[in-house]
Amino acid sequence: MSREMEQKIEELGIVPVVVLKDAKDAEPLARALCEGGLPCAEVTFRTAAAADSIRIMAEKYPQMLIGAGTVLTTEQVDRAVDVGAKFIVSPGFDPEIVDYCIEKEIPVFPGCITPSEVAQAVKRGLRVVKFFPAEQFGGVAAIKALSAPYAGLKFMPTGGISTANLEKYLGCSAVTACGGSWMVKGNLIEEGKFDEIRKLTEDAVKLASDIRG
């Protein structure tokens with residue numbers, strides 16, 4: 001996996017997790033994120049508009065680091081990469097998906113919440129894994145406990161993270177970045193409130209910067 005990409009994600013500190021129901025919202029959302037200082041998005045593959053949305057964002061804002069989230073099959077991996085996704089995120093550890101991405105040299109962040117899953121990731125040479133759903137599976141305390149035997153592995157917690165607990169997560173040395181959707185809530189996207197999204201993104205960037213110094 002590209003160390004450059006991992007470093008970029010760590011520098012940003014936050015990966016916006018986006019659900020797009022209509023591809024027409026992709027370009028204004030990408031603009032709001034970029035103008036807000038967070039040129040990154042994990043677009044979830046839960047909707048029919050996901051592939052088109054990734055393609056539009058990648059074409060209009062090539063400087064963005066755009067990944068596909070909630071990827072459940074190797075076929076979705078191919079579709080996502082074909083339209084411009086630069087990394088793949090899966091909610092759990094699926095050996096078939098992980099091995100497929102490694103074989104094709106596609107950066108992949110699989111979900112790992114148990115020592116057994118972490119061991120499988122480390123065995124395959126992964127340096128960053130997703131921790132999902134973070135709050136429901138023990139949060140920072142669980143991440144610290146999991147990281148202790150696996151020095152060097154970093155976690156990207158997602159699920160239940162907001163401005164209220166961001167400091168707790170980003171203050172943990174085993175956390176590379178946090179996935180979050182508070183700045184890109186579905187109702188804001190659907191109502192076209194992209195100025196508000198830009199402002200929330202700016203606030204998130206400032207908060208992450210303040211936490212990490």
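Right after helix α2 comes Gly-37, and its phi is positive, near 95 degrees. Keep that glycine in mind, because the model I am showing is a predicted one and Gly-37 comes back at the end of the talk.Helix α2 itself spans residues 26-35 and is mostly covered, with seven of its ten residues buried. Those seven are Ala-26, Pro-28, Leu-29, Ala-30, Ala-32, Leu-33 and Cys-34. What lies over them? The cover includes strands β1 and β2 and helices α3, α9 and α10, where α9 is 186-190 and α10 is 194-212.

Take α3 from that list. Ile-56 lies in this helix, which runs over residues 50-60. Is Ile-56 buried or exposed? Its relative accessible area is 17%, and the cut-off for buried is under 20%, so Ile-56 counts as buried. Setting aside neighbours within four places in sequence, Ile-56 is in contact with Ala-23, Ala-26 and Glu-27. Ala-26 is one of the buried residues of α2. Lys-24 is 32 residues away from Ile-56 along the chain, yet their C-alpha atoms are separated by 8.8 Å.

Next, the core. In soluble globular proteins, nonpolar side chains tend to be buried together. Here the largest nonpolar core has 79 residues, and the ones that touch the most other members are Leu-29, Met-57, Met-64, Ile-88 and Phe-155. Leu-29 is one of the buried residues of α2 that I listed.

Phe-155 deserves a slide of its own. What is its relative accessible area? The value is 0%, so Phe-155 is buried. Leaving out neighbours within four places in sequence, Phe-155 has contacts that include Cys-112, Val-118, Val-129, Phe-131, Ile-143 and Leu-146. Also among them are Ser-147 and the run Ala-174, Val-175, Thr-176 and Ala-177.

That brings us to aromatic pairs. A pair of aromatic rings is described by the distance of the centres and the angle of the planes. How many aromatic pairs are there? The count is two. In one, the rings of Phe-87 and Phe-109 have centres 5.7 Å apart and planes at 75 degrees, so this pair is edge-to-face. Phe-87 sits in strand β4 (residues 87-90) and Phe-109 in strand β5 (residues 108-110), so the pair links distant parts of the chain, 22 residues apart. Phe-87 and Phe-109 are both buried.

The other pair is Phe-131 with Phe-155, with centres 6.2 Å apart and planes at 85 degrees, so it is edge-to-face. Phe-131 belongs to strand β6 (residues 128-131) and Phe-155 to strand β7 (residues 154-157), so the pair ties together parts 24 residues apart in sequence. Phe-131 is buried, with a relative accessible area of 0%.

Just past the end of β6 there is a backbone feature to point out. Most residues other than glycine have a negative phi, and most peptide bonds are trans. The bond joining Phe-132 and Pro-133 is a cis peptide bond, with omega at about -10 degrees. Pro-133 is placed in the loop between β6 and α7, where α7 is 139-147.

Two residues other than glycine have a positive phi to mention. Thr-70 has a phi of about 55 degrees, and Glu-105 has one near 60 degrees. Thr-70 is in the loop between β3 (65-69) and α4 (74-82). Glu-105 is in the loop between α5 (95-103) and β5. Which of these is buried and which exposed? Thr-70 has 17% relative accessibility and counts as buried, whereas Glu-105 has 71% and counts as exposed.

Now the pocket. The largest pocket holds about 270 Å³ of space. Of the 20 residues lining it, the closest to its centre are Val-17, Thr-44, Arg-46, Thr-158 and Ser-181. Strands β1 (14-18), β2 (40-44) and β8 (178-180) each supply at least two residues of the lining. What is the make-up of that lining? It divides into seven nonpolar, nine polar and four charged residues. Strands β1 and β2 were also named among the cover of α2.

Last, back to the glycine. Asp-203 lies in helix α10 and, at 37% relative accessibility, counts as partly exposed. Its C-alpha atom and that of Gly-37 are separated by 9.5 Å, although the two residues are 166 apart along the chain. Helix α10 is also included in what covers the buried residues of α2.

Note on methods
Residues numbered from 1 in each chain as written. Predicted model: local features only at pLDDT ≥ 70, side-chain atom pairs only at ≥ 80, totals over all residues. Heavy atoms only, no water. 1 Å grid on protein atoms, 1.4 Å probe; cavity = no way out; pocket = protein on both sides within 12 Å on 5 of 7 lines; lining within 4 Å. Points joined across faces, edges and corners; volume = space filled by probe spheres on them. Helix = DSSP H or I, 4+ residues; strand = E, 2+ residues; numbered from the N terminus. Nonpolar A, V, L, I, M, F, W, Y, C, P; charged D, E, K, R; others polar. Buried < 20%, exposed > 50% of the residue type's maximum accessible area, 1.4 Å probe, protein only. Contact = heavy atoms within 4.5 Å. Core = buried A, V, L, I, M, F, W, Y, C linked by side-chain atoms within 4.5 Å. Phe/Tyr/Trp six-rings, centres within 6.5 Å; stacked < 30°, edge-to-face > 60°.
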